Amino acid sequence: MIRSAARAAVAAKSLATWLAICVALLASAVGSAKAQPVAESKSRLDVIVLGSGGPGATGRAGSAYLVLLDGMPRILVDAGPGSFVRIGEAGVPLTAIDTILLTHLHADHAGELPGIVKALAVSRRSRIQLRVFGPDGRAADESHAAFPSTRRLIDLLFGPAGAFGYLANFSAPVSFATMDIATQRAGAPPVVQSIVNEGGLTVRAIAGHHRDAPSVIYRIDYAGRSVTFTGDIDAKGHAALRRIASGTDLLVFNSVVLDPPLSPEILYTLHTPPGEIGAIAADAHVERLLLSHLSPATDERRDAVRESIARRFAGPVEFASDGARITP
Ligand SMILES: [Zn+2]
Ligand SMILES: [Zn+2]
């Protein structure tokens with residue numbers, strides 16, 4: 001009995017050692033081989049599209065982007081399903097990512113968080129502090145679902161009693177500083193708030209609107225260039241979008257529906273049609289549009305989408321694809 005317990009203890013110890021070696025090997029392989037800035041980058045602000053689709057499984061990953069400062073990925077915008085694979089395919093180092101911006105907590109925008117956080121944990125040796133920004137929550141009512149706040153989501157996933165609480169100390173220790181962005185101010189229009197301001201980097205946020213899902217629009221400014229991410233947005237968020245996107249170099253606009261009446265009516269309570277996208281881009285004096293979160297409807301009718309946008313917006317319009325690298 002004692003002997004078999006001792007044997008079990010030895011076996012457990014060697015298994016633990018083996019696991020530690022595996023983790024260390026993976027960390028050193030990823031960490032040392034990819035610790036340099038991306039060589040070909042000469043620009044100071046870049047965006048890599050990790051996921052240009054969602055929510056359907058259409059061959060594109062769900063919504064996700066990496067924002068690179070001086071060639072190093074620093075900011076993850078959304079974490080849609082499939083983006084884990086795209087991060088690996090991008091072949092960029094993960095050692096500098098310190099900020100996660102969540103536009104809203106639909107599964108096609110946040111479902112890959114655990115896999116990505118674990119990938120970050122095994123890519124480094126030193127303590128990882130991630131700051132996470134996202135919308136506040138809302139309670140359910142008779143016609144709407146409940147949404148947790150971003151703080152609650154992070155706690156449910158990675159807190160001490162969270163589903164993946166083990167990740168805090170599995171490899172490199174991981175901790176989170178999470179900030180909820182207020183999305184409901186009764187009677188008052190949403191205001192732009194500065195959430196990061198350091199070393200020439202400014203991240204600003206404003207409440208968007210996505211039917212019942214609390215949502216946030218983000219704008220990132222660095223080295224004289226800027227990129228703005230609409231997230232999923234319906235008409236009630238357009239005034240806020242015009243405000244925060246004013247003069248932005250690149251507007252990443254989620255493009256899910258065709259002009260009415262060509263898409264199911266319910267979708268217009270969630271998303272923005274091309275005619276409105278063109279009007280907003282023109283009004284906000286946007287330099288360039290990148291259409292993303294493409295649905296089969298918008299993907300298959302690109303000419304119609306372009307034509308509709310061009311009625312108001314004369315600048316360049318591109319369609320996103322997974323893995324595309326864009327300099328604002
Ligand atoms: Zn959504
Ligand atoms: Zn979506």
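Where is the place of Pro 148? Pro 148 sits in the loop between β5 (128-135) and α5 (150-158); helices (H or I, at least four residues) and strands (E, at least two) are DSSP runs, numbered from the N terminus.

This is a predicted model, in which local features need pLDDT of at least 70 and side-chain atom pairs count only at pLDDT 80 or more, while totals for chains, interfaces and linings use all residues. Residues are numbered from 1 along each chain as its sequence is written, and chains are lettered from A and ligands numbered from 1 in the order in which they are written.

**First stop: Pro 148**

Select Pro 148, which is partly exposed, with 18 other C-beta atoms within 10 Å. A residue is buried if 20 or more other C-beta atoms lie within 10 Å of its own, exposed if 12 or fewer, and partly exposed in between, with C-beta atoms placed from the backbone. Next, display Leu 105, Gly 137, Leu 153 and Leu 156, which Pro 148 touches when residues up to four places away in sequence are not counted; contact requires C-beta atoms, placed from the backbone, within 7 Å. The C-alpha atoms of Pro 148 and Pro 135 are 8.9 Å apart, with their positions 13 residues apart along the chain.

**The whole chain and its core**

Zoom out to the protein chain, which has nine helices and 14 strands. Of its 328 residues, 44% are buried.

Now select Tyr 65, Leu 66, Val 67, Ile 217, Tyr 218 and Leu 289, which touch the most other members of the 76-residue largest nonpolar core. Such a core is a set of buried Ala, Val, Leu, Ile, Met, Phe, Trp, Tyr and Cys residues joined through C-beta atoms within 7 Å. Strand β2 (residues 64-69) supplies its largest share, six residues. The contacts of Leu 289 beyond four places in sequence include Ala 281, Ile 309 and Phe 313.

Move to Val 227 in strand β10 (residues 225-229). Val 227 is buried, with 27 other C-beta atoms within 10 Å, and its contacts beyond four places in sequence include Leu 45, Val 67 and Pro 328.

**Helix α7 and its partner**

Select α7 (residues 274-283), whose buried residues are Pro 274, Glu 276, Ile 277, Gly 278, Ile 280 and Ala 281. Their cover includes α6 (238-245), β11 (250-254), β12 (288-292) and α9 (302-310).

Add α9: the axes of α7 and α9 come within 7 Å and cross at roughly 40°. Axes are lines fitted to C-alpha atoms, for helices over the stretch in contact, and angles run from 0 to 180 degrees between N-to-C directions. The contact is formed by Pro 274, Gly 275, Ile 277 and Gly 278 of α7 with Val 305, Ser 308, Ile 309 and Ala 310 of α9.

**Backbone details**

Just after α7, select His 285, in the loop between α7 and β12. His 285 has a positive phi of about 55° although it is not a glycine, and this residue is exposed, with 12 other C-beta atoms within 10 Å.

Asp 78, in strand β3 (residues 72-79), also merits selection: its phi is positive, about 65°, although it is not a glycine. Asp 78 counts as buried, with 30 C-beta neighbours inside 10 Å.

Finish with two cis peptide bonds. The bond from Gly 54 to Pro 55 is cis, with omega near 0°, and Pro 55 lies in the loop between β1 (45-51) and β2. The bond from Pro 260 to Pro 261 is cis, with omega near 10°, and Pro 261 lies in the loop between β11 and α7.

Definitions and conventions. Contact = placed C-beta atoms within 7 Å.
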